[in-house]
Amino acid sequence: MVENPNQSLLLDNGLTIHLDDQSRRVTADRWLVSLAAKIDVPVGRVAPDVATSSGVSKREILAVLGETVTYEFVSERNFIHEDERQSVFESLVDSFLKSSKVYLARPEFPGRFVLRQFKKSLHERQIDQQRHAAMKKNESEQT
């Protein structure tokens, strides 16, 4: 049972999961029950390990990601009767913790997450550059 709907749990790897109840009423007695889980991962702390394993410099990782990247997970159930709201929220928290806590607490999670976010950012930048180049090309062809 969740005593406090907004709570923080310290993981074995030193990170903290913040669990927030973001539920809201949708009709008179019905709710959208929502759990938001967040973990702030300090990039500088794991960047040397990521740099060593990926061949990318710590400086480059920090330049792309900044000081912190945030892991986020949201689980929702809609149209829940008001009387069931608390128990549904508790089941969302329990389910999330049972399925994810062990993985998120592993020592390698922060480095892997930072590397994944770094690659994702580079990929998104590349796509943006390609779109921009295509737009410029279309503009020049139309004039």
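**Group meeting: helices, strands and a shared core**

Hi everyone, let's start with a pair of helices: the axes of helix 1 and helix 2 come within 8 Å and cross at roughly 135°. Keep in mind that this is a predicted model. Why do we call helix 1 and helix 2 oblique to each other? Angles over 145 degrees would count as roughly antiparallel and 65 to 115 as roughly perpendicular, with oblique covering the rest outside the roughly parallel range, so helix 1 and helix 2 are oblique. The crossing of helix 1 past helix 2 is right-handed.

Now, who meets whom there? From helix 1 we have Val 43, Gly 44, Ala 47, Pro 48, Val 50 and Ala 51, and they meet Lys 58, Ile 61, Leu 62 and Leu 65 of helix 2.

Let me stay with one of these residues. Ala 51 sits in helix 1. Is Ala 51 buried or exposed? Its relative accessible area is 15%, and buried means under 20%, so Ala 51 is buried. Leaving aside residues up to four places away in sequence, Ala 51 touches Val 56, Ser 57, Lys 58 and Ile 61. And here is a pair for those of you who like contact maps: Ala 51 and Leu 115 are 64 residues apart in sequence, while their C-alpha atoms are 8.7 Å apart in space.

On to the strands. Strand 4 pairs with strand 2 in the antiparallel sense, over five bridges, and there His 18 stands opposite Lys 38 of strand 4. Strand 3, residues 24-25, also pairs with strand 4 in the antiparallel sense, over two bridges. In that pairing, Arg 24 stands opposite Leu 32, and the two strands form a hairpin with four residues between them. Strand 4 and strand 5 run antiparallel as well, joined by twelve bridges; Pro 42 has Thr 68 in strand 5 as its bridge partner.

Finally, the core. The largest nonpolar core has 35 residues, and the members touching the most other members are Ile 17, Ile 61, Phe 96 and Val 114. Elements that each supply at least two residues of this core include strand 2, strand 4, helix 1 and helix 2. Which helix gives the most to this core? That is helix 3, with eight residues.

Let's zoom in on Ile 17. Not counting residues up to four places away in sequence, its contacts include Leu 9, Leu 11, Ala 37, Ile 39, Phe 96, Leu 97 and Leu 104. As general background, nonpolar side chains tend to be buried together in soluble globular proteins.

Thanks for listening!

Methods
Residues numbered from 1 in each chain as written. Predicted model: local features only at pLDDT ≥ 70, side-chain atom pairs only at ≥ 80, totals over all residues. Heavy atoms only, no water. Core = buried A, V, L, I, M, F, W, Y, C linked by side-chain atoms within 4.5 Å. Buried < 20%, exposed > 50% of the residue type's maximum accessible area, 1.4 Å probe, protein only. Contact = heavy atoms within 4.5 Å. Pairing = 2+ DSSP bridges. Axes fitted to C-alpha atoms, helices over the stretch in contact; angles between N-to-C directions. Parallel < 35°, antiparallel > 145°, perpendicular 65-115°, else oblique. Left-handed = near helix turned anticlockwise from the far one by under 90°.
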